[in-house]
Amino acid sequence: VLELGCGDGATLVPIAHSLPGCTAVGIDLAPSAIDRAVLAAQVLGLTNLTLRAADVTALPDDLGGPFDYIIAHGLYSWVPAPVRDSVLAACARLLAPDGVAYVSYNAYPGNHSRQMAREMMLYVAARSADPASQIRVARQSLATLATSRPEGELYGNLLREELKRIAELRDEHLFHDDLEPNNTPLYFHQFVEHARRHGLKYLSESEYSETAAGVAHDARTAQAMAALMATSGNRGGGAHPATDDEQLVLDREQFADFVRGRAFRRTLLCRAGIPLHRPPDLHQVFSLRVAADINPAGDAPGGGERFRNDKGITLTTNRPLARAALRRLGQIWPHSEPFPDLLAAAAAEAGPLAQREGKPEDQPLALAEALLAAHAGHLVDFRTRDPTLAPAVAVRPVTSALARHQARSGADVVTNLLGGSVRVEGTLAREFLLRLDGTRDHATIAHELAGLIVSGAIPPGEIGQQITDIDRAADVIRSAWDGKLQLLARRALLTIDSRVMRSTIG
Ligand SMILES: C[S@@+](CC[C@H](N)C(=O)[O-])C[C@H]1O[C@@H](n2cnc3c(N)ncnc32)[C@H](O)[C@@H]1O
């Protein structure tokens, strides 16, 4: 794996840590960022990660490669044109024949109103001396503009939407995105054309649910996409044309962006000569593991059952096999199950009702189709392997050395064993995580946390009361105990891997 512009290793360090068999290389222009990444790699004892201060326009010859995966996250849109060209040239030069490159970028049309707000904020803040005052002046100036225009006016509405958007951004994000002097959005088709000039082509988005097939799950979006396909004179039409015609695929993606006003893409590229199956071949699902962080959410009208994830996304199905499979996946999360095992368990659970989805020989494809549709709807994950997740809460619970390192470094999100981000809410949660190193049993952890409560190291506001008695503090901890540990297990933060236990609290 190669990451171009790896910064302080926020993406690459977790990759190298969770995949000890991979060789990871990261380069970044900023030596200070590389120093922070090197420190994290040292703390975690990573021997499979090489980090170098280098410019993507002049990469050293001895980087290694070819690479199966090349990542450029937060780089392409935020650098001048010659550097953008170098990013794709590096992908073309260093990618393995069947490798995959990931490039994220700001997209049009969603960025037009952002650009308008950004250009005005930049102009007003240009004379501010330091980042903190630039951020303050930028926020103030957009607020002034947005509140100066009458309700109902198009210009005012756009400014107010932008004000709402930046209100939700952290200062660092506002500074490094909106206030970054280089911020060049482009249309999807322009990006694909740039990639084509480097011998690369569009494969997919990094999240399948963000492809046209995914967004077409919304019926109105699908209708609008199909109408644009038809009015533009495209032969295939429809939101899911069964075709390998590249232009149709690209138009479908572009129209999805037009319909949704898309502002950001995380696109996967491969070499131009690689043949691709479009739509995806359902048989590929047979060799994957399946997982879903969902819960049954009651009966739906018409005899179906509703499922919901914690982002509020719902799915309703009356298909007996799919229902049984989704229920099972909800129970075993964060663990996954190989597709054949899931099929067997779902068929046993559904009993004779499974016949409704076809003869036994047709049922694998029926379930694969339902799962791929749920994957496009962002409710089902496919994996090639499971990380070393704890099967149950252990006597001496363990979270990963990476999560402990991140918590210790003051990060407010930590990386779970699935590579996802989990927010750390407050000092108690942070101290709790730090103690999950496999050396402490539940009583010891409760006692240590109680000590922190009594000493005032945990702000009383976090536990809703001032406690001075250590036994009472330990009781408070213990009463929340089971729920918290179950939650950590569900969030894929508990492991059994001795390798991830290496770094202890320091
Ligand atoms: C927004 S950060 C993204 C960091 C990282 N990819 C991540 O996802 O956490 C962009 C990074 O690109 C780096 N960068 C900018 N221009 C570069 C260049 N010409 N060569 C290499 N890195 C560059 C910056 O130093 C910065 O660390």
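**Exercise 1. The ligand site**

Task: Determine how far a backbone N or O atom of Gly5 lies from a nitrogen atom of the ligand, and describe the surroundings of the ligand in this predicted model.

Solution.
1. Begin with Gly5: one of its backbone N or O atoms is placed 2.7 Å from a ligand nitrogen. The pair falls within the 3.5 Å limit for a polar contact.
2. Turn to Asp28, where a polar side-chain atom is 2.6 Å from an oxygen atom of the ligand.
3. Add His73, which has a polar backbone atom 2.9 Å from a nitrogen atom of the ligand.
4. Consider the area next. The ligand taken alone exposes 600 Å², and 74% of that is buried by the protein.
5. Finally, take the shell as a whole. There are 18 residues around the ligand, of which Glu3, Gly5, Asp28, Asp55 and Val56 come nearest. Sorted by class, the shell comprises 10 nonpolar, five polar and three charged residues.

**Exercise 2. Strand S6 and its partner**

Task: State how many residues of strand S6 are buried, and identify the residue of S7 that stands opposite Leu200.

Solution.
1. Strand S6 spans residues 200–205, and five of these six residues are buried, so that the strand is mostly covered. Here, buried means under 20% relative accessible area.
2. The pairing of S6 with strand S7 (residues 264–271) is antiparallel and runs over five bridges.
3. Within S7, Arg271 is the residue opposite Leu200.

**Exercise 3. A three-stranded sheet**

Task: Give the strand order of the open sheet of three strands, and name its edge strands.

Solution.
1. The order is S12-S8-S13, and the pairing is antiparallel.
2. Strand S12 (337–338) and strand S13 (381–383) form the edges, each pairing on one side only.
3. Strand S8 (residues 289–291) is joined to S12 by two bridges in the antiparallel sense.
4. Val290 has Glu337 in S12 as its bridge partner.

**Exercise 4. Helix H15**

Task: Establish which residues of H15 are buried and which elements are included in their cover.

Solution.
1. Helix H15 covers residues 401–408, with seven of its eight residues buried.
2. These buried residues are Ala401, Leu402, Ala403, Arg404, His405, Gln406 and Ala407.
3. Their cover includes helix H1 (12–18), helix H2 (31–43), strand S14 (413–415) and helix H16 (426–434).
4. Gly410, just after H15, adopts a positive phi of about 90°.

Notes. Residues numbered from 1 in each chain as written. Predicted model: local features only at pLDDT ≥ 70, side-chain atom pairs only at ≥ 80, totals over all residues. Heavy atoms only, no water. Buried < 20%, exposed > 50% of the residue type's maximum accessible area, 1.4 Å probe, protein only. Helix = DSSP H or I, 4+ residues; strand = E, 2+ residues; numbered from the N terminus. Pairing = 2+ DSSP bridges. Near = heavy atom within 4 Å. Polar contact = N/O pair within 3.5 Å; in protein donor to acceptor, adjacent residues only side chain to side chain. Areas by Shrake-Rupley, 256 points an atom, 1.4 Å probe, with all protein chains shown as cover. Nonpolar A, V, L, I, M, F, W, Y, C, P; charged D, E, K, R; others polar. Contact = heavy atoms within 4.5 Å.
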